[in-house]
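Trainee: I should like to learn how to read protein–DNA contacts and surface patches in a model. Could we work through one case step by step?

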Protein chains: 2
Amino acid sequence: MAILERSHLEIIRAVDRYGSLTAAAEKLHLTQSALSHTVRKLEDLLGVTIWRREGRSLHPTQAGEYLLAVANRLLPQLDHAEERLGQFARGERGGLRIGMECHPCYQWLLKIVAPYLTAWPAVDVDVKQKFQFGGIGALFGYEIDMLVTPDPLYKNGLTFEPVFDYEQVLVVGPGHPLRGAPYVKPAQLANETLITYPVALDRLDIYTQFLTPAGIAPKRHKPIETTDIMLQMVASGRGVASLPRWLVEEQAERFEVAAVQLGRHGVAKQIFLGYRETEGQLDYLRAFVEMARANQGSRR
Amino acid sequence: MAILERSHLEIIRAVDRYGSLTAAAEKLHLTQSALSHTVRKLEDLLGVTIWRREGRSLHPTQAGEYLLAVANRLLPQLDHAEERLGQFARGERGGLRIGMECHPCYQWLLKIVAPYLTAWPAVDVDVKQKFQFGGIGALFGYEIDMLVTPDPLYKNGLTFEPVFDYEQVLVVGPGHPLRGAPYVKPAQLANETLITYPVALDRLDIYTQFLTPAGIAPKRHKPIETTDIMLQMVASGRGVASLPRWLVEEQAERFEVAAVQLGRHGVAKQIFLGYRETEGQLDYLRAFVEMARANQGSRR
DNA sequence: GTCTCGCATGAAGTATATTAATCGATGGAT
DNA sequence: ATCCATCGATTAATATACTTCATGCGAGAC
């Protein structure tokens with residue numbers, strides 16, 4: 001009852017990656033014979049065949065596929081743990097892996113990261129945007145250490161703190177009839193082309209908080225990956241978009257765009273930072289939260 | 001760069017749990033000396049002290065706390081993985097990909113799958129119907145694990161077992177002249193519209209075993225995808241079809257259809273289950289065959 | 001002070017992992 | 001069809017790593 005070792009997972013991953021025992025052996029700085037032996041013993045101990053031997057190639061069985069999934073999940077965590085221990089050894093602080101679930105958060109995040117990096121020279125920051133099981137899953141799975149999201153989830157081992165309030169607005173180009181209007185009603189978008197980031201509709205505030213409740217849909221819906229292009233499209237009259245007010249106002253110098261309040265009361269949003277509560281006292285992590293919160297004032 | 005082994009995490013967790021190296025050694029069935037050696041080497045390799053030695057007790061350093069957290073997170077996952085592999089080994093778990101080569105088999109299969117899923121909760125069942133190189137090829141190519149077919153092929157690595165006998169009959173609608181006849185002769189179909197599944201004629205029993213030997217062809221031939229629509233067409237007098245007797249009798253409640261024997265002696269058919277003979281002892285696979293065979297009695 | 005408990009250490013033995021050398025099988029090239 | 005290169009399996013030899021044994025040292029208990 002303690003058969004599976006790290007080296008086994010390492011072998012399984014290498015065989016999958018490099019396609020053969022021989023190639024894997026090369027990469028692992030071992031001989032083909034060594035792997036063959038190890039594999040055979042492992043299969044014996046587990047009582048499971050991991051690969052089907054077909055001619056001169058190996059194909060993972062169901063158990064093999066499962067083991068591969070385990071390897072791909074656990075090995076990165078072990079690697080990360082060692083890296084972190086290396087940082088301990090060198091007296092450094094560590095790496096802060098930040099995950100983001102909202103597109104425009106990126107612009108905001110950049111403003112925080114720059115001063116943070118100078119204040120904490122020993123901390124490396126990494127930003128990730130894609131998660132297999134969602135941002136929360138990435139936090140739990142130790143893929144990231146901090147999550148930037150507009151949708152906090154108060155749950156068992158996680159802590160979320162609001163760090164930034166902003167207003168979500170409609171962005172219109174020059175000469176647009178809504179430009180300068182005190183606010184826009186949902187029905188007024190029924191004939192518009194709406195440009196959004198390419199994500200599910202239920203993750204877009206302009207739908208969930210504005211259009212959908214009113215039962216309105218825009219005439220066309222156009223997904224665009226990047227904020228810059230999105231603003232260019234709006235500036236050239238190809239459609240309207242929805243972004244944070246501060247972002248629009250900041251970019252108004254570069255693009256001919258203007259913000260219009262969504263509905264009579266506007267759409268208020270918050271950005272939250274989430275982290276594992278066991279790490280809440282890590283000073284370099286706390287510091288990031290503090291800096292994010294402090295930065296709020298500078299913009300409003 | 002692959003220092004941390006599972007055993008190390010195991011030690012770290014045990015020391016934390018049982019309070020001392022000596023106690024941990026006992027639980028791990030090792031000597032105290034062995035642990036001491038291992039620990040020292042680990043600390044050297046990582047370049048980190050894991051425990052502060054105070055008097056005769058050990059207190060985890062910051063790195064130690066971190067490692068403990070890693071151990072408590074990863075070890076249960078490894079344990080769980082081994083447990084799951086044990087299920088694979090004992091044939092309790094797996095994925096059963098069932099391929100089907102005959103259309104009406106589907107109705108029959110559904111009756112087997114339902115109880116099977118409750119009896120084998122750890123087995124995932126998947127049903128496929130299209131194969132690039134035929135059902136046999138799919139078995140050999142590991143696209144599927146079990147084939148449901150009326151045409152067994154006794155060959156090298158495959159095993160086929162008959163699990164269900166049935167009679168193929170003609171289906172006629174209400175008011176059809178053949179209704180109630182003791183049997184139908186091929187020539188009597190020369191003026192009929194024959195409705196079949198959209199497959200090659202040589203895979204349709206009514207052709208291979210009834211019409212073709214007599215040199216007869218129906219007036220029209222109409223391919224229909226689904227059994228339900230086929231029965232509706234027959235019930236509304238648009239043509240006749242050919243299906244298993246048990247299926248017709250079962251559906252007689254829903255549709256106004258009746259079965260007529262094909263020819264003086266009827267057309268007898270069997271459904272076979274085929275699988276790779278190397279997997280014949282897999283418990284969950286055997287169980288499926290048994291359940292399929294047992295189900296036979298309930299219907300006839 | 002002495003006794004006990006717990007960890008550390010060095011040398012020795014043993015188990016384990018790795019290698020070298022070789023074989024058989026397979027699939028592609030000629 | 002034949003040949004050749006490649007891959008995995010196997011066996012025996014070897015190297016490595018681990019464990020044990022015997023012992024030492026220090027700290028707290030009595």
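Trainee: Which residues come nearest to DNA strand C?

Mentor: Please bear in mind that this is a predicted model. A residue is listed around a strand if one of its heavy atoms lies within 4 Å of that strand. Here 19 residues are around DNA strand C, and those that come nearest are A:Lys41, B:Leu21, B:Thr22, B:Arg40 and B:Arg53. Of the atoms of DNA strand C that come within 4 Å of the protein, 58% are accounted for by sugar and phosphate.

Trainee: Which atoms of DNA strand C lie 3.0 Å, 2.8 Å and 2.7 Å from N or O atoms of the protein?

Mentor: One reads such pairs against a cut-off of 3.5 Å between N or O atoms. A phosphate oxygen of DNA strand C lies 3.0 Å from a backbone N or O atom of A:Thr31, and another pair joins a phosphate oxygen to a polar backbone atom of B:Leu21 at 2.7 Å. The side chain of A:Ser33, by contrast, places an N or O atom 2.8 Å from a base nitrogen. Two or more residues of the surface near DNA strand C come from each of these elements: helix 3 of chain A, and helix 2 (21-27) and helix 3 of chain B.

Trainee: How do the residues of that surface near DNA strand C divide by character?

Mentor: There are 3 nonpolar, 11 polar and 5 charged residues. For the surface near DNA strand D, the division is 4 nonpolar, 11 polar and 4 charged.

Trainee: Which residues are closest to DNA strand D?

Mentor: This strand is surrounded by 19 residues, the closest being A:Thr22, A:Arg53, A:Arg56, B:Thr31 and B:Lys41. Sugar or phosphate makes up 55% of the DNA strand D atoms within 4 Å of the protein, and bases make up the rest. In the side chain of A:Arg56, an N or O atom is 2.6 Å from a base oxygen of DNA strand D. A:Gln32 has a polar side-chain atom 3.0 Å from a base nitrogen of the strand, while the side chain of A:Ser36 has an N or O atom 3.0 Å from a phosphate oxygen.

Trainee: Turning to patches, why does A:Tyr106 count as partly exposed?

Mentor: The category covers relative accessible areas between 20% and 50%. A:Tyr106 is partly exposed because its relative accessibility is 32%. This residue lies in helix 5 (residues 105-119) of chain A. Together with A:Leu110 and A:Val127, A:Tyr106 forms a nonpolar surface patch with about 220 Å² of accessible area.

Definitions and conventions: Residues numbered from 1 in each chain as written. Chains lettered and ligands numbered in written order. Predicted model: local features only at pLDDT ≥ 70, side-chain atom pairs only at ≥ 80, totals over all residues. Heavy atoms only, no water. Polar contact = N/O pair within 3.5 Å; in protein donor to acceptor, adjacent residues only side chain to side chain. Nonpolar A, V, L, I, M, F, W, Y, C, P; charged D, E, K, R; others polar. Patch = residues over 30% accessible without salt bridge, like charges linked within 9 Å, V, L, I, M, F, W, Y side chains within 5 Å. Areas by Shrake-Rupley, 256 points an atom, 1.4 Å probe, with all protein chains shown as cover. Salt bridge = Lys/Arg side-chain N within 4 Å of Asp/Glu carboxyl O. Helix = DSSP H or I, 4+ residues; strand = E, 2+ residues; numbered from the N terminus. Buried < 20%, exposed > 50% of the residue type's maximum accessible area, 1.4 Å probe, protein only.
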